[in-house]
Amino acid sequence: MRMIRLEFYKLRRKRLLLMTVLFLCAEIVWAFAAAGMSFSRHPGRAGWEPVIVMLSSMNGLFLPILSAIVVSRICDMEHKGNTWKLLLSASVRRGQLYAAKYICACLIMLCACLLQVLAIAAFGVMNDFIEPVPIFLLVRFLIGVAVTNMVVIALQQWMSMAVKNQAFALCLGMLGGFIGLVGDLFPATVRRFFAWTYYTGLSPITQKYASEEMQLIVRDWGEALPVTGMLIAAGFAIYAAGSLHVSRQEV
């Protein structure tokens with residue numbers, strides 16, 4: 001806990017939380033504006049499902065980039081300040097520092113996920129949706145986004161800690177945003193190997209076309225559980241590999 005508090009203490013003047021909120025607000029406004037335009041053209045389709053689908057699609061573009069920025073800002077302090085040797089001389093193990101930075105990034109992105117859930121609920125209430133707030137769907141949405149973020153953060157942190165130049169990590173985030181945006185166009189066998197596609201892959205609502213019309217269908221919870229478990233296992237594997245690599249790296 002002390003290491004995690006120190007990581008947040010280091011960020012006190014970087015305005016990272018403010019930047020995260022502003023970045024997220026831009027995504028939410030864009031998604032809700034698109035949903036509002038769709039509802040004005042098709043009033044009968046107004047409901048919670050289109051909003052969740054719209055924001056899930058936007059997450060595939062925005063959250064990989066936001067994760068890259070957050071992780072890069074957290075990790076570049078040791079690179080820029082050249083404090084690796086100082087920390088090691090103070091008996092701070094690199095594995096502990098790696099874990100503290102990972103937890104710090106995950107907590108910041110979890111706050112971003114919670115803000116999205118609150119924004120969806122507020123948007124639905126303000127637009128007088130007939131159905132009540134779908135707590136179960138929003139919880140599933142939160143879990144899907146949070147689990148995907150954990151894997152993406154593990155990838156980003158490995159890159160940010162192993163390579164001093166943070167431009168490479170930011171390029172990885174932009175590449176992830178592109179894949180997350182167009183990932184649904186990939187074949188299923190290819191899509192499963194890209195962590196960024198799970199922003200839509202773990203969404204509780206999916207889109208299907210029948211008779212040349214788009215239909216929104218609630219995914220069965222039982223089908224999502226194995227995918228979620230597989231993604232969590234992949235995240236742990238990526239995190240362990242990154243921590244081991246950074247711990248053995250010369251400074």
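## Glu78 in helix H3

Glu78 is buried, because its relative accessibility is 3% and the limit for that class is under 20%. The residue belongs to helix H3. This description rests on a predicted model. In that model, the C-alpha atom of Glu78 lies 8.9 Å from the C-alpha atom of Met161, although 83 residues separate the two in sequence.

## Ser67 and its contacts

Ser67 is also a residue of helix H3. Ser67 counts as buried because its relative accessible area is 0%. Which residues does Ser67 contact, leaving aside its neighbours within four places in sequence? They are Met109, Asn149, Val152, Ile153 and Tyr199.

Met109 appears again in the surroundings of Val70. With neighbours within four places in sequence left aside, Val70 is in contact with Leu16, Thr20, Ala105, Ile108 and Met109.

## The largest nonpolar core

The largest nonpolar core has 60 residues. Within this core, the members that touch the most others are Phe32, Val51, Val70, Ile74 and Ile120. At least two core residues come from each of these helices: H2 (16-41), H3 (48-81), H5 (94-126), H6 (135-162), H7 (166-182), H9 (198-201) and H10 (221-248). In soluble globular proteins, nonpolar side chains tend to be buried together.

## Aromatic pairs

How many aromatic pairs does the structure hold? There are eight. One of them joins Tyr102 and Tyr239, whose ring centres are 4.9 Å apart; the pair is tilted because the planes meet at 50°. Tyr102 is in helix H5 and Tyr239 is in helix H10, so this pair ties together parts that are 137 residues apart in sequence. Tyr102 is buried, with a relative accessibility of 11%.

Another aromatic pair, Phe123 with Phe129, is edge-to-face, with 6.2 Å from centre to centre and 80° between the planes. Are these two rings on buried or exposed residues? Phe123 has a relative accessible area of 12%, so the residue counts as buried. Phe129 is likewise buried, at 12% relative accessibility. Phe123 and Phe129 also belong to a cluster with Phe32 and Trp48, linked by ring pairs. Phe32 is among the core residues that touch the most other members.

## A nonpolar patch on the surface

Some nonpolar residues form a surface patch of about 680 Å². The patch is made by Val125, Val133, Ile135, Phe136, Val139, Ile143, Trp221 and Leu225. Two elements, H6 and H10, give two or more residues to the patch. Which element gives the most? That element is H6, with four residues.

Trp221 is found in helix H10. This tryptophan has a relative accessible area of 31%, so Trp221 is partly exposed. Helices H6 and H10 also each supply at least two residues of the largest nonpolar core.

## Ser38 in helix H2

Ser38 has its place in helix H2. Its relative accessibility is 28%, so Ser38 counts as partly exposed. Between the C-alpha atoms of Ser38 and Pro50 the distance is 9.0 Å, and the two residues are twelve apart along the chain. Helix H2, where Ser38 is placed, is one of the helices that supply at least two residues of the largest nonpolar core.

How values were computed. Residues are numbered from 1 along each chain as its sequence is written. This is a predicted model: local features need pLDDT of at least 70, side-chain atom pairs count only at pLDDT 80 or more; totals for chains, interfaces and linings use all residues. Side-chain values use heavy atoms; hydrogens and water are left out. A nonpolar core is a set of buried Ala, Val, Leu, Ile, Met, Phe, Trp, Tyr and Cys residues joined through side-chain atoms within 4.5 Å. Buried means under 20% relative accessible area, exposed over 50%, partly exposed in between (1.4 Å probe, protein chains only). Contact means heavy atoms within 4.5 Å. Patches are made of residues with over 30% relative accessible area and no salt bridge: like charges are joined within 9 Å, nonpolar side chains (Val, Leu, Ile, Met, Phe, Trp, Tyr) within 5 Å. Accessible areas come from the Shrake-Rupley method with a 1.4 Å probe; for residues, only the protein chains shown count as cover. A salt bridge is a side-chain nitrogen of Lys or Arg within 4 Å of a carboxyl oxygen of Asp or Glu. Rings of Phe, Tyr and Trp (its six-membered ring) pair if their centres lie within 6.5 Å; planes under 30 degrees apart count as stacked, over 60 as edge-to-face and the rest as tilted.
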